[in-house]
Amino acid sequence: MPESNVAEPSDRNEGEVSGAKVIAQALKTQGVEYMFGIVGIPVTEIAFAAQELGIRYIGMRNEQAVDICAEELGNNVRPAVTLLGDINAVTKQLLEEFDKIPWQYPPESKWWKTLREKMDSNEAASKELASQKSPPMNYYTVFYHVQEQLPRDGFIVSEGANTMDIGRTVLQNYLPRHRLDAGTFGTMGVGLGFAIAAAVLAKDRSPGQRVICVEGDSAFGFSGMEVETICRYNLPIIILVVNNNGIYQGFDTDTWNEMLKSQDATIAAPPACLLPNSHYEQVMIAFGGKGYFVQTPEELQKSLRQSLADTTKPSLINIMIEPQATRKAQDFHWLTRSKM
Ligand SMILES: Cc1ncc(C[n+]2csc(CCOP(=O)(O)OP(=O)(O)O)c2C)c(N)n1
Ligand SMILES: [Mg+2]
């Protein structure tokens, strides 16, 4: 017998209330307005119950979990002070203490001076890399052109390795809580879900506010099928896939073909390589959105301008970059490098 995804109707007595309704009512009482999920037992029943109470349900294609755990404190670097608790409560307590003893870091201290000098030299190095205009583009060229057109009130969502790390240093969000990315631990797969949540909120609360979702080509693979969700709810998200044919780095088509002449890809292809020149924009076109394949700064500028002007449809711009492009030299290792 085929397994059903919908719970059997129970032989409940009249006047009894289902667990799903209790959950939905509790969420409603807490002021929850949106719910994200994937149907299956018991989500189907809860989603129905929530919709009956006016909570909006967004059906997703992929799910992630979050937890708070004391053992995680100090997992990457040894902290000077550890704070365990709900972030809302801890922030409130900290602010109360600061009110009692007002304190400001001295603006002319050595630490501030070093920080300002470092910011200036970083900016100069990034600008130098971004000034390289002839194709294939590098990350900095791409991000400087995107930054030029980014709306000030836009949401920036991002994931990837080089894509997210370099993007963080160039793409500016001006409003608080308007940057959503894979965070310190860099868990891939969160990007499109974050973008959908931000776009649903924008659609209801501030129509016209845009969500720009900047994805590495590998990162896009983790939840790329959420493009169907984006098109189903017609959310005018702009997805930028920064495509270097790989994870951190890839190969160009000639190198890839040459490599496969003598050996099978399972033996010859480095694990970080993805298929060169993949047309990810076709995924968006398949579901009714707009897709662009760009290779030059001019094509990038034009497609982004068109995507920003169109508030009726989602779009995906597949941006080809130099497959061996990398970030500028780094002074520090990634935080999660083991200290054991
Ligand atoms: C769930 C999960 N699986 C695997 C990884 C390992 N990982 C780190 S970054 C990354 C993708 C990086 O490639 P891409 O998104 O193309 O960005 P690029 O560095 O090439 O710009 C992967 C798979 C991860 N961080 N999270
Ligand atoms: Mg990549």
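This report covers the ligand shell, three helices and several loop residues of the structure above. The model is predicted.

**Around ligand 1**

The shell around ligand 1 holds 17 residues. Gly160, Ala161, Gly216, Ser218 and Ala219 come nearest to the ligand. Three elements each give two or more residues to this shell: α6 (162-170), α8 (217-223) and β7 (246-247). Helix α8 gives the most, with three residues. By class, the shell has ten polar, six nonpolar and one charged residues.

**Helices**

Helix α1 spans residues 19-29 and helix α2 spans residues 43-52. The two pack at an angle of about 50°. Their axes lie 8 Å apart. Angles from 65 to 115 degrees would count as roughly perpendicular, and those under 35 as roughly parallel. The pair fits neither class, so α1 and α2 are oblique to each other. Their crossing is right-handed.

Helix α3 runs over residues 87-100 and has 14 residues. From its first C-alpha to its last, α3 reaches 20 Å. That is close to the 20 Å expected at 1.5 Å a residue. How many of the 14 residues in α3 are buried? The count is zero, and α3 is hardly covered.

**Loop residues**

Two residues other than glycine have a positive phi: Asn234 and Tyr248. The table sets out their values and places.

| Residue | Phi | Loop between | C-beta neighbours within 10 Å |
|---|---|---|---|
| Asn234 | near 45° | α9 (226-232) and β6 (238-243) | 13 other C-beta atoms |
| Tyr248 | near 75° | β7 and β8 (249-250) | 15 C-beta neighbours |

A residue is partly exposed when its count falls between the limits for exposed, 12 or fewer, and buried, 20 or more. Asn234 has 13 other C-beta atoms within 10 Å, so Asn234 is partly exposed. Tyr248 has 15 C-beta neighbours inside 10 Å and therefore also counts as partly exposed. The loop that holds Tyr248 follows β7, one of the elements that give residues to the shell around ligand 1.

Is Ser278 buried, partly exposed or exposed? Ser278 is partly exposed, because 17 other C-beta atoms lie within 10 Å. Its place is in the loop between α11 (265-268) and α12 (281-286). Ser278 and Asn244 are 34 residues apart along the chain. Their C-alpha atoms are separated by 9.8 Å.

One further loop carries a cis peptide bond. Which residues does this bond join? They are Pro135 and Pro136, with omega about 0°. Pro136 sits in the loop between α4 (110-130) and α5 (139-149).

Terms used:
Residues are numbered from 1 along each chain as its sequence is written. Chains are lettered from A and ligands numbered from 1 in the order in which they are written. This is a predicted model: local features need pLDDT of at least 70, side-chain atom pairs count only at pLDDT 80 or more; totals for chains, interfaces and linings use all residues. A residue is near a molecule or strand if its C-beta atom, placed from the backbone, lies within 6 Å of it. Helices (H or I, at least four residues) and strands (E, at least two) are DSSP runs, numbered from the N terminus. Ala, Val, Leu, Ile, Met, Phe, Trp, Tyr, Cys and Pro count as nonpolar, Asp, Glu, Lys and Arg as charged, and the others, Gly among them, as polar. The expected span of a helix is 1.5 Å times one less than its number of residues. Axes are lines fitted to C-alpha atoms, for helices over the stretch in contact, and angles run from 0 to 180 degrees between N-to-C directions. Angles under 35 degrees count as roughly parallel, over 145 as roughly antiparallel, 65 to 115 as roughly perpendicular and the rest as oblique. A crossing is left-handed if the near helix is turned anticlockwise from the far one by less than a right angle, and right-handed if clockwise.
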